[in-house]
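Colleague: I should like a close look at a single part of this model, namely the helix that carries a disulfide, together with its surroundings. Please place that part within the whole chain before turning to the details.

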Amino acid sequence: MTAALISWGKGRRAAAAIGAVSLGLLTLSACEKPTSLATVTVGSTTVQAEATPGCDGDGKALSKKAVTACITKKGGKTITVHPGEQVRVGVDPSVAKSGWIVIGAGPVMREPSKQTYRSFDADTLFMQQNPQTGQTSYSKDVTLQVAELGGGGGPKTMWHFTLKQKD
């Protein structure tokens with residue numbers, strides 16, 4: 001009698017394990033692959049964002065039309081920056097492997113980075129130069145764009161953040 005109870009208990013555990021595995025597989029098949037995150041940190045404040053909607057080529061270079069639309073997008077998560085502070089930007093290792101750049105009020109990187117983290121002087125990110133006169137001015141807020149580059153040098157994915165300058 002005891003042997004019958006033990007084998008019946010093993011059967012219930014096996015059925016429960018099979019049910020849990022099946023439920024787990026069903027749940028995983030319904031999930032989308034998460035997009036990479038970009039992180040911006042100023043002082044002790046950190047914001048993270050997934051790729052900007054419409055600006056994720058899913059591993060392939062964005063079309064020229066998508067790049068044009070993404071470059072002109074404003075907004076994203078907002079973070080406040082004091083003059084003279086350091087703005088730290090981080091990306092996932094897979095993004096770093098492809099190479100990435102940061103654009104503030106103007107280009108701020110001479111070469112794409114293969115590192116997962118870079119620091120920038122806030123004043124550099126808010127600085128704009130008039131191409132006709134060469135005069136430099138500073139914006140009160142700027143859309144910080146982080147772009148993962150593809151093999152041809154064009155962006156594959158873009159993230160947008162808003163930096164607001166605090167006086």
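Modeller: Read along the sequence, the protein chain follows the pattern α-β-β-α-β-β-α-β-β-α-β-β-β-β, with four helices and ten strands in total; helices (H or I, at least four residues) and strands (E, at least two) are DSSP runs, numbered from the N terminus. This is a predicted model, in which local features need pLDDT of at least 70 and side-chain atom pairs count only at pLDDT 80 or more, while totals for chains, interfaces and linings use all residues. Residues are numbered from 1 along each chain as its sequence is written, and side-chain values use heavy atoms, with hydrogens and water left out.

The part in question is helix H2, residues 64-71, whose buried residues are Ala66, Val67 and Cys70. Here buried means under 20% relative accessible area, exposed over 50%, and partly exposed in between (1.4 Å probe, protein chains only). The three buried residues lie on the same side of H2, because they cover an arc of only 100° around the axis; the arc is that of the directions from the helix axis to the C-beta atoms. In general, an α-helix has 3.6 residues a turn, so residues three or four places apart point the same way. The face turned away from the buried side of H2 carries the exposed residues Lys64, Lys65 and Thr68. On the buried side, the residues of H2 pack against E9 and E10, where contact means heavy atoms within 4.5 Å.

Cys70 also takes part in a disulfide with Cys55, with an S to S distance of 2.0 Å. A disulfide is counted as a pair of cysteine sulfur atoms within 2.5 Å, and a search of the whole structure finds one. The two cysteines are 15 residues apart and link distant parts of the chain: Cys55 sits in the loop between strand E2 (45-50) and H2, and Cys70 in helix H2. The link of Cys55 and Cys70 is left-handed, with -115° about the S-S bond, and both cysteines are buried.

The strands against which H2 packs also deserve attention. Asp141 forms a salt bridge with Lys164, the closest N and O atoms being 3.5 Å apart; the term denotes a side-chain nitrogen of Lys or Arg within 4 Å of a carboxyl oxygen of Asp or Glu. This pair is 23 residues apart and links distant parts of the chain, with Asp141 in strand E9 (residues 141-149) and Lys164 in strand E10 (residues 155-165). Asp141 is partly exposed at a relative accessible area of 40%, and Lys164 is partly exposed at 38%. The structure holds two salt bridges; Glu148 forms one with Lys156, the closest N and O atoms being 3.6 Å apart. Glu148 counts as buried at 9% relative accessibility, and Lys156 is buried at 14%.

As for the interior, the largest nonpolar core has 27 residues, and those with the most contacts inside it are Val40, Val89, Val102, Phe161 and Leu163. Apart from that core lies another, of seven residues, among them Cys55, Leu62, Ala147 and Met158. A nonpolar core is a set of buried Ala, Val, Leu, Ile, Met, Phe, Trp, Tyr and Cys residues joined through side-chain atoms within 4.5 Å. Cys55 thus belongs both to the disulfide and to the core of seven residues.
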